[in-house]
Amino acid sequence: MNNDTGVSIKHGREKYKNNNSIISMSSLIIFFLVWYFLAHNNLVNLPGPVQTMKVFFVLITTGDQLYNKSIQELTLSSLKVVLQGVSLSFILGFSLGMIMGYFKTFELFINTIIEMLRPIPPLAWIPLGYILFAFTDKPSTYVQLLVVFVGAFFPVLVNTVMGVKQIDRILLDAARSCGAKKKDIIFRVIFPAVLPSVITGLRIGLGVGWMCIVAAEFVGGRSGIGYYIWSVYSIGGRSAEIISGMIAIGVVSYFLNKSVLVLEKRLTPWRYC
């Protein structure tokens, strides 16, 4: 490949990325325009984007005087619980999924319990959680961790199991015929092959975890962005503050998802060649 061809390919890729960025940003602009039109013409009983952004800026710079906290502090409080719960669910979900996918007998043994627990909504665990953790120093925090864990655990588990099952058996047979030990097969064949499915489960789990923490903070929460949204609603329906909290959740979720995608590209570069 000569230099001119390489430059042309690089220029084409950059142009493609720029076009994608423009398309992505255009949807956001249209959303804000529609929002402005609806609010400006009193078609919805909500503050417009300009007023909301002013409130959002105040919450970032000086915080809410009533709660004496900035929106970053409130969001970070929720994010810590999400990361702790998702990390625990990833460790257990990935480990159990690898075992279930590789050992058919173990999958048959435990699958009935998994399929009975999986359809139970994470929020249904809140009352039981408060009973289980009633004698701890921070019951609401442990309940929130439980809800996030349950919400993120099953996406990681199911995607890991499916990833192991979808591995081409020819690869496994080829590794065995070359004298590979079981440990080498797991870490050099199965693990790289299942990694894309695991990362997909992690992305889904993070999204579900965020939804769970906000809802869990509505019920008995004492901190966090979900607690703040419910509180400002309860004391008078402060719409701009409510929407600001929702924007904070959306922004953090967006960057979490982007972070996982970057991680995926680094860990599975062969998928993006």
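Phe 31 and Trp 35 both belong to helix H1, which covers residues 3–40. In this helix the two residues are 4 residues apart, about one turn. The model described here is a predicted one.

The structure contains 15 aromatic pairs. A pair of aromatic rings is described by the distance of the centres and the angle of the planes. Phe 31 and Trp 35 form a tilted pair, because their ring centres are 6.1 Å apart and their planes stand at 50°, an angle that is neither under 30 degrees, as for stacked rings, nor over 60, as for edge-to-face rings.

The domain assignment divides the protein chain into domain 1 (1–46) and domain 2 (49–271). The centres of domain 1 and domain 2, taken over C-alpha atoms, are separated by 28 Å. Contact between the domains involves 4 residues of domain 1 and 4 residues of domain 2.

About 440 Å² is buried between domain 1 and domain 2, and carbon and sulfur atoms contribute 91% of this area. On the side of domain 1, the residues that lose the most area to domain 2 are Phe 32, Trp 35 and Leu 46. Together, Phe 32, Trp 35 and Leu 46 account for 79% of what that side buries. Trp 35 thus appears both in the tilted pair with Phe 31 and among these residues of domain 1.

Across the interface of domain 1 and domain 2, 0 salt bridges are found. The count of residue pairs in polar contact across this interface, with both residues at pLDDT 80 or more, is also 0. The side of domain 1 that touches domain 2 consists of 4 nonpolar residues, with no polar and no charged ones.

Technical notes. Residues are numbered from 1 along each chain as its sequence is written. This is a predicted model: local features need pLDDT of at least 70, side-chain atom pairs count only at pLDDT 80 or more; totals for chains, interfaces and linings use all residues. Side-chain values use heavy atoms; hydrogens and water are left out. Domain bounds come from an automatic or database domain assignment. Contact means heavy atoms within 4.5 Å. Buried area is the accessible area (1.4 Å probe) that two parts lose on being put together, summed over both. A salt bridge is a side-chain nitrogen of Lys or Arg within 4 Å of a carboxyl oxygen of Asp or Glu. A polar contact is a pair of N or O atoms within 3.5 Å; within protein, one must be able to donate a hydrogen and the other to accept it, and residues adjacent in sequence count only if both atoms are side-chain atoms. Ala, Val, Leu, Ile, Met, Phe, Trp, Tyr, Cys and Pro count as nonpolar, Asp, Glu, Lys and Arg as charged, and the others, Gly among them, as polar. Rings of Phe, Tyr and Trp (its six-membered ring) pair if their centres lie within 6.5 Å; planes under 30 degrees apart count as stacked, over 60 as edge-to-face and the rest as tilted.
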